[in-house]
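This briefing concerns a single protein chain. It treats the overall fold, the main pocket and two residues that line that pocket.

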Amino acid sequence: MSKVHVLNHPLIQHKLTFIRDVSTGTKEFRELVEEVSMLMAFEITRDLQLQEVTVETPVGPAKGHTLAGKKLGIVPILRAGLGMSDGILSLIPAAKVGHVGLYRDPKTLKPIEYYVKLPSDVEEREFIVIDPMLATGGSAVEALNSLKKRGAKNMKLMCLVAAPEGVAAVQEAHPEVEIYLGALDEKLNEKGYIVPGLGDAGDRLFGTK
C-alpha cells in the first residue's frame, strides 16, 4: 500500500485552486490555508481508533463512540507551518502543539535545527508534522529527524503541495511515514520552487517578501 495520499476531496481541490492564484491576497490566502488544513485533517484522522461508550440522552441510554488510543500532537515547521495549525486545532482542539524551527545553512544549503519544543509525552503521541510546501524535502526530513531523536515513534506528514523530488527524499529517509498531500505537482525549478506550486507560502501567509 502506498504511503503517499493525495486528498482529492472536491472542497480541498476547490480551495487549493484559490490558494494557488497569484491574485489571492494575504487575508484570503491565510483563511483558505486554514480551511484546507481543517479539511485535510478530517481525512488524515480517518483511522483514529474508537471506543464504545454509553451516554444518557433526554429519552434514555444510547451507545456511542469516543476517540481511544494514542494522543495527538501537531508539529508545524516554522514559520509557514503555523498557517496550518489553527485549522487542525478547530477540528481537534485537544491536540498538543509542538514546534520545529529550521534555517538553511547559506554554504551547504542544508536545513539546521535552531528550535524544537515538543509535548513531554513524546513517545505516547501520534504526531502530524505540517508544512504547506514539500519542495526539496530537506526541511521535512530534518523535522522528522528532530522528532525521532526525541523519542517520537508515530508520525505523519501533511503538506498542501509537493514536488516529486520532495516526496522521494522523505520516503528515502523515513519510509514508514505516511505523507498526505493536497496536490502532487510537476517538478522543482532551478531555484527549488515547486512548479506550478503556489509561490512562497510563508511570504503569502504573513505578507512579507
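The points below are grouped by topic, from the whole chain to individual residues.

The structure is a predicted model. The chain has 209 residues, and its radius of gyration of 18 Å agrees with the value near 17 Å for a compact globule. Its largest pocket has a volume of about 770 Å³, and the lining of this pocket takes in residues that UniProt lists under "binding site" in an unreviewed entry.

**Overall fold**

- Six helices and 13 strands form the secondary structure of the chain.
- The C-alpha trace spans about 65 × 40 × 35 Å along its principal axes.
- Of the 209 residues in the chain, 45% are buried.
- Where contacts join residues at least 6 apart in sequence, 63% of them link residues at least 24 apart.

**The largest pocket**

- The lining of the largest pocket consists of 25 residues, and those nearest its centre are Arg 104, Asp 131, Met 133, Ser 139 and Asp 200.
- Two or more lining residues come from each of the strands β4 (71-78), β6 (99-104) and β9 (133-134) and from each of the helices α4 (138-149) and α6 (201-206).
- By class, the lining comprises 13 nonpolar, seven polar and five charged residues.

**Correspondence with the UniProt record**

- For "binding site", the unreviewed UniProt entry lists Arg 79, Arg 104, Asp 131, Pro 132, Met 133, Leu 134, Ala 135, Thr 136, Gly 137, Gly 138, Ser 139 and Asp 200.
- From this set, the lining of the largest pocket takes in Arg 79, Arg 104, Asp 131, Met 133, Leu 134, Ala 135, Thr 136, Gly 137, Gly 138, Ser 139 and Asp 200.

**Arg 104**

- Arg 104 lies in strand β6.
- Its relative accessibility is 47%, so Arg 104 counts as partly exposed.
- Beyond its neighbours within four places in sequence, Arg 104 is in contact with Leu 109, Lys 110 and Pro 111.

**Leu 134**

- Leu 134 belongs to strand β9.
- Leu 134 is buried because its relative accessible area is 2%, which is under the 20% limit for that class.
- Apart from neighbours within four places in sequence, the contacts of Leu 134 include Ala 140, Leu 157, Cys 159, Val 161, Gly 166, Ile 179, Leu 181 and Ile 194.

Notes. Residues are numbered from 1 along each chain as its sequence is written. This is a predicted model: local features need pLDDT of at least 70, side-chain atom pairs count only at pLDDT 80 or more; totals for chains, interfaces and linings use all residues. Side-chain values use heavy atoms; hydrogens and water are left out. On a 1 Å grid over the protein atoms alone, a cavity is a set of points where a 1.4 Å probe fits but cannot get out, and a pocket is an open set with protein on both sides within 12 Å along at least five of seven lines; lining residues have an atom within 4 Å of a point. Grid points are joined across faces, edges and corners, and a volume is the space filled by probe spheres set on the points. Helices (H or I, at least four residues) and strands (E, at least two) are DSSP runs, numbered from the N terminus. Ala, Val, Leu, Ile, Met, Phe, Trp, Tyr, Cys and Pro count as nonpolar, Asp, Glu, Lys and Arg as charged, and the others, Gly among them, as polar. UniProt positions are given in the numbering used here, feature names are shortened, and annotations may be inferred rather than shown by experiment. Buried means under 20% relative accessible area, exposed over 50%, partly exposed in between (1.4 Å probe, protein chains only). Contact means heavy atoms within 4.5 Å. The radius of gyration is taken over C-alpha atoms; the globule rule is 2.2 Å times the number of residues to the power 0.38.
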